[in-house]
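Hi everyone, thanks for making room for me today. I'd like to walk you through a structure that most of you haven't met yet, so stop me whenever you like.

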Amino acid sequence: LIGINLQQVARQLDRDGRMYSDPLNPVLTQIDDLRKDFFETENQKDKNKLKQQFEGIQITLKTTLDKALEDDKRLKTIAQFDQLTQWQPFNDHHSAPFFDPLYMFGIKQGFDVVIGNPPYVNIERIDDVTKKALAEQYKTCKGRTDLYVAFIEKTLNNLNPNGILFFIIPYAFTNQNYGSLSRELLVNNYFVYEIVDTSNYLIFENAMVKNIILAVRNSKNQGE
């Protein structure tokens, strides 16, 4: 959810001294090549080998970053790269502390389709650091908000023209004040072509939240 903005960090590295950016670039290139090979191959044995290679590259990246962190003046910038070492794409039970389409999926422009069930976490259950980040980075997350509202805005920003978002979110989004800025954003800038009301039954067996399915296209009207 919290973007790293690799391009911005890389530019900062170059400005402050190539002694840091030069060791990182080959490692990031290796990760990019490995990701492409993983998505293209259909052989499971080859995929397993690529997983092992990725783990080795992560160790190399961590070692490179640890050396860079010895310079206190670079700590804030390098720390953003350090998040990359926490990503475990082959572990279904591990969540990443950031989202970067380029690093994770090789997506340079945007997504054509995003289907998801974002986390529902109200403001009272969000730590202070995350609250501050949400308020600063997302214009729809002001006052009493919920984490899934940020996911909606982030996803919309990563859609290609005419790209489509399908989200299962709480029914409360349709009528509660905390969703008003997000609803305004949708109405003024996107085409909401369907809202499926599932509030009369539970989508998730072990959850008590009433839901809707929100479908949004990245265009201002149906004809575009």
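I'll go from the overall layout to the cores, then the rings, then the charged pairs.

First, a word of caution: what you have on screen is a predicted model. Okay, the layout. The protein has eight helices and four strands. Reading from the N terminus, the order is α-α-α-α-α-β-α-α-β-α-β-β. In other words, five helices come before the first strand in that run.

The protein has 224 residues, and 39% of them count as buried. About 13,500 Å² of the protein is exposed, and carbon and sulfur atoms supply 50% of that area. And here's one on how the chain folds back: take contacts between residues at least 6 apart in sequence, and 65% of those join residues at least 24 apart.

Now let's look inside. Which residues of the largest nonpolar core touch the most other members? That would be Ile152, Leu156, Ile169 and Leu214, in a core of 26 residues. The elements that give two or more residues to this core are strand S1 (111-116), helix H7 (147-157), S2, helix H8 (180-189) and strand S4 (211-217). H7 makes the largest contribution, with six residues.

Let's zoom in on Ile169 for a moment. If we skip its neighbours within four places in sequence, Ile169 is in contact with Pro118, Tyr120, Tyr148, Ile152, Lys210, Asn211, Ile212 and Leu214. Two names on that list, Ile152 and Leu214, came up a minute ago among the residues touching the most other core members.

There's also a second, separate core, this one of 15 residues, and Leu28, Leu61, Leu84 and Tyr103 are among them.

One more inside story: Ser182, which sits in helix H8. Is Ser182 buried or exposed? Its relative accessible area is 1%, and the cut-off for buried is under 20%, so Ser182 is buried. Leaving out neighbours within four places in sequence, its contacts are Thr140, Val149, Ile152 and Phe173. So there's Ile152 once more, this time as a contact of Ser182.

On to the rings. Searching the whole structure turns up nine aromatic pairs. One of them is Phe38 with Phe39, an edge-to-face pair with 6.3 Å between centres and 65° between the planes. Phe38 is buried, at 17% relative accessibility. Both rings belong to one aromatic cluster, together with Phe54, Trp87 and Phe90. Phe38 has a charged partner too: the charged end of Lys47 sits over its ring, 4.1 Å from the centre.

Another pair to find on your screens is Phe166 and Tyr193. Their centres are 6.4 Å apart and the planes meet at 90°, so this pair is edge-to-face. Phe166 is in strand S2 (residues 159-170) and Tyr193 is in strand S3 (residues 191-197), so the pair ties together parts that are 27 residues apart in sequence. Phe166 is partly exposed at 28%, and Tyr193 is partly exposed at 29%. Tyr193 also has a charge over its ring: the charged end of Arg217 lies 5.1 Å from the ring centre.

Last topic, charged pairs. As a reminder, side chains of opposite charge can pair when their charged atoms come close. How many salt bridges does the structure hold? Five.

Take Arg144 and Glu124, whose side chains meet at 3.5 Å, N to O. This pair links distant parts of the chain, 20 residues apart: Arg144 is in the loop between helix H6 (128-137) and H7, and Glu124 is in the loop between S1 and H6. Arg144 is partly exposed at 48%, whereas Glu124 is exposed at 53%.

Then there are two bridges in helix H6. Lys131 pairs with Asp128, with the closest N and O atoms 3.9 Å apart. These two are three residues apart in H6, so about one helical turn separates them. Lys131 is partly exposed at 29%, while Asp128 is exposed at 61%. Lys132 and Glu136 meet at 2.4 Å, N to O. They are four residues apart in the helix, so again we have about one helical turn. Lys132 and Glu136 are both exposed.

Finally, Asp32, Arg35 and Lys36 are linked in a network of salt bridges. That's my tour, happy to take questions!

Notes:
Residues numbered from 1 in each chain as written. Predicted model: local features only at pLDDT ≥ 70, side-chain atom pairs only at ≥ 80, totals over all residues. Heavy atoms only, no water. Buried < 20%, exposed > 50% of the residue type's maximum accessible area, 1.4 Å probe, protein only. Contact = heavy atoms within 4.5 Å. Areas by Shrake-Rupley, 256 points an atom, 1.4 Å probe, with all protein chains shown as cover. Phe/Tyr/Trp six-rings, centres within 6.5 Å; stacked < 30°, edge-to-face > 60°. Lys NZ or Arg CZ within 6 Å of the ring centre and 35° of its normal. Core = buried A, V, L, I, M, F, W, Y, C linked by side-chain atoms within 4.5 Å. Salt bridge = Lys/Arg side-chain N within 4 Å of Asp/Glu carboxyl O.
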